[in-house]
Amino acid sequence: MSQVNAALHLRTLCELRAGLRDGEFSATELTEALLSRIDSAGSELNAFITLTGEQALATARDADKALARGGDVGPLTGLPIVHKDLFCTRGVLTTCGSHILDTFVSPYDAAVVERLANAGAVMLGKSNMDEFAMGSSNETSYFGDVKNPWDLSLSPGGSSGGSAVAVAARLVPAATGTDTGGSIRQPAALTGTTGIKPTYGRVSRYGMVAFASSLDQAGVITRSAEDAALLLGIMAGFDERDSTSSQEPVPDYSAALDRPLKGLRVGIVREHFDEGLDEENERLVKAAVAVLEEQGATTVEVSLPNINLSVPTYYVVAPAECSSNMSRFDGVRFGHRAENPVDLMDLYCRTRSEGFGAEVKRRIMTGTYVLSAGYYDAYYLQAQKVRQLISQDFKSAFEQVDVIAGPTTPTPAFALGDKTDDPITMYLNDIYTIGANLAGLPGMSIPCGLVGGLPVGLQLVGPQFSEETLLSCAHQYQQLTDWHKEIPEGF
Amino acid sequence: MSLSKDQVNDIAKLARLTIDANEVDDVVDKLSRIVAFVDQLQAAPTDGVVPMAHPLNTSQRLRPDTVTESDERDRYQANTSSLRDGFYVVPKVID
């Protein structure tokens, strides 16, 4: 392998695209280089559940033929990508990090997978994740913990932990993820990567295994806002197969990146800086906002008076929707099936008890409880009302500002095993991210510094369908700083 | 609020789950903590607030009632371990 090829893993998606088009290296060489990198540098991280090397090389060879023919080729021709293992991939294992689906081979592709493949992307594999995306540390995966490349004893966050780690450790330039309460933004923050969760309905949920249908949204984890814009432009858009897919036209995200920061009104949420935020995280987030101000952005203090209720609201709404979505796993049509059931009830109960892990069972039971007769009004209906209040708070704030900037997480990465005994401590990790899901808003996390050698994320949240603002703000920040270029030692 | 063992077993039954005897105490403890945590919602003043079920303010889209999918039964059924003559097999339900 030439010296050029040896360093291909360090390049961003946009840089790789230029190299492929200039004939500097082939898609096959790129694919081989990354597969070998995953095998060597990635061996300790457990970022993948399935690798699809042979399929990837076949796709890469086709990409090389298309590039050699010249003319119009798909915008991602020959570029590598990894999918979170809850996107259905035709003919490829799709486990959702669960024992109950550990033999499930999807008969069809998710819309996200289909769109990226049609654009020419080369899928290298499926990334590890918290079971059914229920977790904030990647410790609920049936396939074992994912390790944070910044320190192997630490959690990378979750639930899209495998995707974040694969990108952070320079195993792949980009990966898909999903975000129900922070599952793209939190692991992006804890691994020093760039992650965007678009507006609810912006990207089709078709073929994305459901956890909480009114909160789930697909997005990407990359190493730059520029790469995120490239991918989101392809993933976003109406899909009639998703009943909540938005018909809002998709703007040219890449073209919006050069919008200047001058005149941008940045909201600082008073409640974000109350108790609970690590001092060093606070210092770095404020320093990042100062960078935006130096370029002509103005800051306005805003209040989200009900935001402190977002985590309890989420832990009623999400489990309620989860308990109903998870009822499809019954051992009859797909997935794990208990052996020698005595009757139908025994088949259901044993299949589910053997197949689901502890956190998934807890959420199913929490949801069953809040939806059960006598408790529905007190919990589920009340949570839906508080969700309305939280959403209205954001609407009021966005009358004064274009974007809200603040912390993504309260602290840098925490130790594996640290929070597994107390579900509430774990849930509170998503205190800054959950609001965007409840209100259906786009949110983004970008690296804004290091504390004790560990990355910290700056979160940007905007009104619905303001992805252009978030991406351009992030891109401008990344032109002025190099935090997104920091690489964990040894990688 | 603390849940009782009986309550937790009832919830598990509704959810079609069984809890091993040696895990019951831990499940009761953790579920009780979750319920106590979400109980803080009760204090929020929500009189007259319209419940929000969905983030997008749109009505449900309809499509023409026509067949759009091809018959892929064999491929879809390839994921089950118990199939006979193209039907899913479950334990006997009717005597």
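**Exercise 1. In this predicted model, find the loop that holds A:Asn46, and work out whether A:Asn46 is buried, partly exposed or exposed.**

Step 1. Look between helix H3 (27-40) and E1 of chain A: A:Asn46 sits in that loop.

Step 2. Count its surroundings. There are 19 other C-beta atoms within 10 Å of A:Asn46. A residue needs 20 or more to be buried, so A:Asn46 is partly exposed.

Step 3. Check the backbone. A:Asn46 is not a glycine, yet its phi is positive, near 60°. For background, most residues other than glycine have a negative phi.

**Exercise 2. Turn to B:Asp85 and decide whether it is buried or exposed.**

Step 1. Find the loop between strand E1 (83-84) and strand E2 (87-88) of chain B, where B:Asp85 lies.

Step 2. B:Asp85 has 5 C-beta neighbours inside 10 Å. The cut-off for exposed is 12 or fewer, so B:Asp85 counts as exposed.

Step 3. Phi of B:Asp85 is also positive, near 50°, in a residue other than glycine.

**Exercise 3. Explore the loop between strand E3 (122-127) and helix H6 (161-168) of chain A, starting from A:Tyr142.**

Step 1. A:Tyr142 has 20 other C-beta atoms within 10 Å, and is therefore buried.

Step 2. List its partners, setting aside neighbours within four places in sequence. A:Tyr142 is in contact with A:Gly97, A:Ser98, A:His99, A:Asp102, A:Glu131 and A:Gly357.

Step 3. Compare sequence with space: A:Asp130 is 12 residues from A:Tyr142 along the chain, and their C-alpha atoms are 8.0 Å apart.

Step 4. Move along to A:Ser159, which is found in the loop between E3 and H6 too. The peptide bond leading from A:Gly158 to A:Ser159 is cis, with omega near 10°.

**Exercise 4. Find out how many residues of H6(A) are buried, and what they pack against.**

Step 1. Eight of the eight residues of H6(A) are buried, so the helix is mostly covered. Among them are A:Gly161, A:Ser163, A:Val165 and A:Ala168.

Step 2. Follow the packing. The buried residues of H6(A) rest against strand E1 (48-51), strand E2 (80-84), E3, strand E4 (175-179), helix H7 (185-191) and strand E6 (217-222) of chain A.

Step 3. Step just past the helix, and you meet A:Arg170 with a positive phi of about 60°.

**Exercise 5. Judge whether the radius of gyration of chain A agrees with that of a compact globule.**

Step 1. For 491 residues, a compact globule would have a radius of gyration near 23 Å; chain A has 21 Å, which agrees.

Step 2. Add the extent: the C-alpha trace spans about 65 × 60 × 45 Å along its principal axes.

Step 3. Add the interior: 62% of the 491 residues in chain A are buried.

**Exercise 6. Describe how chain A meets chain B, then look at H11(A) and H2(B).**

Step 1. Chain A brings 53 residues to the contact and chain B brings 41 residues. On the side of chain A, the largest share comes from H14(A), with 12 residues. That side divides into 27 nonpolar, 16 polar and 10 charged residues.

Step 2. The axes of H11(A) and helix H2 (residues 24-38) of chain B come within 9 Å and cross at roughly 125°. This makes H11(A) oblique to H2(B), and the crossing is left-handed.

Step 3. Name the residues that meet: A:Pro312, A:Tyr315 and A:Val316 from H11(A), and B:Ile34, B:Phe37 and B:Val38 from H2(B). By class, this helix contact has six nonpolar residues, with no polar and no charged ones.

Conventions
Residues numbered from 1 in each chain as written. Chains lettered and ligands numbered in written order. Predicted model: local features only at pLDDT ≥ 70, side-chain atom pairs only at ≥ 80, totals over all residues. Contact = placed C-beta atoms within 7 Å. Helix = DSSP H or I, 4+ residues; strand = E, 2+ residues; numbered from the N terminus. Nonpolar A, V, L, I, M, F, W, Y, C, P; charged D, E, K, R; others polar. Axes fitted to C-alpha atoms, helices over the stretch in contact; angles between N-to-C directions. Parallel < 35°, antiparallel > 145°, perpendicular 65-115°, else oblique. Left-handed = near helix turned anticlockwise from the far one by under 90°. Rg over C-alpha atoms; globule rule 2.2 N^0.38 Å.
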